[in-house]
Amino acid sequence: MSYAIIRNEKYKRENLKGIYRHNERRNKNYSNKNIDTSKSHLNYSIKEPTYSYEKEFDKIREKYNLKGQVKTVSNIVCEYIITSDKEFFESIGEKETKRYFETAYKFVCEYKNLGEQYILSAKVHLDEETPHLHLAFIPVVHTTDKKGNAIGKIACSEFWKDKDSYIQLQNAFYSYITENGFDLERGKSSSREHLSVKDYKEITNYEKSK
């Protein structure tokens, strides 16, 4: 049985240029040998950024008057990598694969009441061995100020404040994706709350080689 997989990574401002260039395929060469650039034209955006991730962040922060202290050491953007395995996508075909990622996108918009407006980019990669979605978003917490006025605050630590926050994410994603007709098992929990995209790919490649 295939699994519904969602992983999260947190980024500081200094990281945004690199993930933008990778996700949006702005580089000429890639160290990841799994990328087949002859197929990169098959990649597509569910939400395409107008600007770089840094500029998108600044514009969204200003437009929605987002509160919260943003320092050099602050994690200001999170990125989900959402996928399953190659066999699952081959079995459901192109149309259902597209619906899988569109359903995942809707899940992210709704999870923790985030809102689509805080998503920087949602890019589906079809030029690697297994289709997957990179979704970058600002971790906005909906709260109130001292006067009781509703505000949005950039607060990564609060967004992931619960000790079992990653388990909650996996449970919610599994429920959402299966309720929308995808026959998958819940993704396996990691001993680490969050798993980087690099670590995720290393682990999945190891599992395939066993």
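This passage walks through the fold, the helices, the core and the aromatic rings of a predicted model.

It helps to begin with the overall layout. The protein chain holds six helices and eight strands. Read from the N terminus, these elements follow the order β-α-β-α-β-α-β-β-β-β-α-α-β-α. Of the 210 residues in the chain, 45% are buried. The exposed surface of the chain comes to about 11600 Å², and 45% of that area is supplied by carbon and sulfur atoms. Contacts can also be sorted by how far apart the partners sit in the sequence: among those with a separation of 6 or more, 73% are between residues 24 or more positions apart.

Two of the helices show nicely how burial is arranged around an axis. In helix H1, the buried residues are Leu 16, Ile 19, Tyr 20, His 22 and Asn 23. Their arc around the axis covers only 165 degrees, so they are on the same side of H1. After H1 comes Arg 25, which has a positive phi, near 55 degrees. Helix H2, covering residues 53–63, buries Tyr 53, Glu 56, Phe 57 and Ile 60. Viewed down the axis of H2, these buried residues fall within an arc of 100 degrees and therefore line one face of the helix. What does this buried set pack against? The partners of the buried H2 residues are helix H1 (16–23) and the strands E3 (75–83), E4 (119–125), E5 (132–137) and E7 (150–154). H2, too, is followed by a residue with a positive phi, here Asn 65, near 50 degrees.

The interior comes next. In soluble globular proteins, nonpolar side chains tend to be buried together. In this model, the largest nonpolar core contains 50 residues, and those with the most contacts inside it are Tyr 80, Ile 82, Tyr 100, Leu 135, Phe 137 and Phe 173. Helix H3 gives the most to this core, with nine residues. Ile 82 offers a good place to look around: leaving aside residues up to four places away in sequence, Ile 82 touches Ile 5, Ile 6, Tyr 100, Phe 101, Ala 104, Val 108, His 132, Leu 133 and Phe 173.

Aromatic rings deserve a look of their own. The whole structure has 15 aromatic pairs. In one of them, the ring centres of Phe 89 and Tyr 100 are 5.5 Å apart and the planes meet at 75 degrees, so this pair is edge-to-face. Is Phe 89 buried or exposed? With a relative accessible area of 5%, Phe 89 is buried, and Tyr 100 is buried as well, at 0%. Tyr 100 also pairs with Phe 182; their centres are 5.3 Å apart and their planes lie at 85 degrees, so this pair is edge-to-face too. Tyr 100 belongs to helix H3 (residues 86–110), while Phe 182 is in the loop between helix H5 (165–179) and strand E8 (185–186), so the pair ties together parts that are 82 residues apart in sequence. Phe 182 has a relative accessibility of 3% and therefore counts as buried. Ring pairs join Phe 88, Phe 89, Tyr 100, Phe 101 and Phe 182 into a cluster.

Rings can also meet a charge. The charged end of Lys 112 sits over the ring of Phe 159, at 4.8 Å from its centre. The charged end of Lys 112 sits over the ring of Trp 160 as well, 4.8 Å from the centre of that ring.

How values were computed:
Residues are numbered from 1 along each chain as its sequence is written. This is a predicted model: local features need pLDDT of at least 70, side-chain atom pairs count only at pLDDT 80 or more; totals for chains, interfaces and linings use all residues. Side-chain values use heavy atoms; hydrogens and water are left out. Rings of Phe, Tyr and Trp (its six-membered ring) pair if their centres lie within 6.5 Å; planes under 30 degrees apart count as stacked, over 60 as edge-to-face and the rest as tilted. Buried means under 20% relative accessible area, exposed over 50%, partly exposed in between (1.4 Å probe, protein chains only). Helices (H or I, at least four residues) and strands (E, at least two) are DSSP runs, numbered from the N terminus. A charge sits over a ring if NZ of Lys or CZ of Arg is within 6 Å of the ring centre and within 35 degrees of the ring normal. The arc is that of the directions from the helix axis to the C-beta atoms. Contact means heavy atoms within 4.5 Å. Accessible areas come from the Shrake-Rupley method with a 1.4 Å probe; for residues, only the protein chains shown count as cover. A nonpolar core is a set of buried Ala, Val, Leu, Ile, Met, Phe, Trp, Tyr and Cys residues joined through side-chain atoms within 4.5 Å.
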